[in-house]
Amino acid sequence: MTAVTPKAANHAGLGPLASRYVDVEGMDWEPTQFPGVEWKVLLKDEESGLLTALFKWAPGSELPLHEHTRIEQTFVLEGSIEDEEGEVTAGNFVWRPAGSKHVAKSRNGALLLGTFLKPNKFL
């Protein structure tokens with residue numbers, strides 16, 4: 001199996017069909033390459049590119065222009081994010097088709113759950 005939760009010590013020794021319970025609160029926030037954006041990787045599959053992560057955006061943080069190489073899904077738990085097409089607020093969901101491009105921003109900060117079928121391509 002190529003899917004893992006990085007840094008989940010309690011997954012060691014589990015059988016290939018065992019459920020993987022993730023102690024999200026016990027995980028540390030890790031910086032991304034973008035200032036003010038941190039994450040906790042919940043599921044990662046290097047082989048397929050699948051990624052599910054919790055993201056914490058500081059007020060005023062921004063992701064530069066990028067392209068979604070496959071469908072991207074984002075559920076906003078707290079705060080909001082926006083781009084030139086609109087804003088998605090707490091309790092709401094946005095998905096973007098493969099090939100879409102945008103700059104994402106958070107004026108007041110946000111907590112997001114994001115799922116990617118393949119990594120974004122930053123332009």
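This short talk covers the pockets and part of the surface of the structure above.

Good morning. First, a caution. This is a predicted model. Keep that in mind as we go.

Let's start with the pockets. How much space does the largest pocket have? Its volume is about 490 Å³. Now look at its walls. The lining of the largest pocket counts 27 residues. Find the ones nearest the centre: W39, L51, F55, F116 and N120.

Where does that lining come from? Strands β3, β4, β5, β6, β9 and β10 each give at least two residues to it. To locate them, take β3 at 37–45, β4 at 51–57 and β5 at 61–67. Then come β6 at 72–83, β9 at 101–106 and β10 at 110–116. Which element supplies the largest share? That is β3, with 4 residues.

What about the chemistry? Sort the lining of the largest pocket by class, and you get 14 nonpolar, 8 polar and 5 charged residues.

Next, the second largest pocket. It holds about 170 Å³ of space. Its lining has 11 residues. Nearest its centre sit A3, V4, T5, H11 and R20. Which elements give this lining at least two residues each? They are β1, at 3–4, and β3. We met β3 a moment ago, in the lining of the largest pocket. By class, the second largest pocket is lined by 8 nonpolar residues, 2 polar and 1 charged.

Now step outside, to the surface. Seven names to find here. I71, F75, L77, F93, W95, L113 and L117 make a nonpolar surface patch of about 590 Å². Two elements, β6 and β8, give two or more residues to this patch. Strand β8 runs over 93–96.

Take one member of the patch, W95. It sits in strand β8. Is W95 buried, exposed or partly exposed? Its relative accessibility is 49%, so W95 counts as partly exposed. The cut-off for exposed is over 50%.

Compare that with P35. This residue is in the loop between β2, at 30–31, and β3. P35 counts as exposed because its relative accessibility is 70%.

One last pair: P35 and R96. How far apart are they in space? C-alpha to C-alpha, the distance is 23 Å. Along the sequence, P35 and R96 are 61 residues apart.

To close, go back to the structure and find three things. Find the largest pocket, with W39 among the residues nearest its centre. Find the second largest, with H11 among those nearest its centre. Then find the nonpolar patch, with W95 as one of its residues. Thank you.

Technical notes. Residues numbered from 1 in each chain as written. Predicted model: local features only at pLDDT ≥ 70, side-chain atom pairs only at ≥ 80, totals over all residues. Heavy atoms only, no water. 1 Å grid on protein atoms, 1.4 Å probe; cavity = no way out; pocket = protein on both sides within 12 Å on 5 of 7 lines; lining within 4 Å. Points joined across faces, edges and corners; volume = space filled by probe spheres on them. Nonpolar A, V, L, I, M, F, W, Y, C, P; charged D, E, K, R; others polar. Patch = residues over 30% accessible without salt bridge, like charges linked within 9 Å, V, L, I, M, F, W, Y side chains within 5 Å. Areas by Shrake-Rupley, 256 points an atom, 1.4 Å probe, with all protein chains shown as cover. Salt bridge = Lys/Arg side-chain N within 4 Å of Asp/Glu carboxyl O. Buried < 20%, exposed > 50% of the residue type's maximum accessible area, 1.4 Å probe, protein only.
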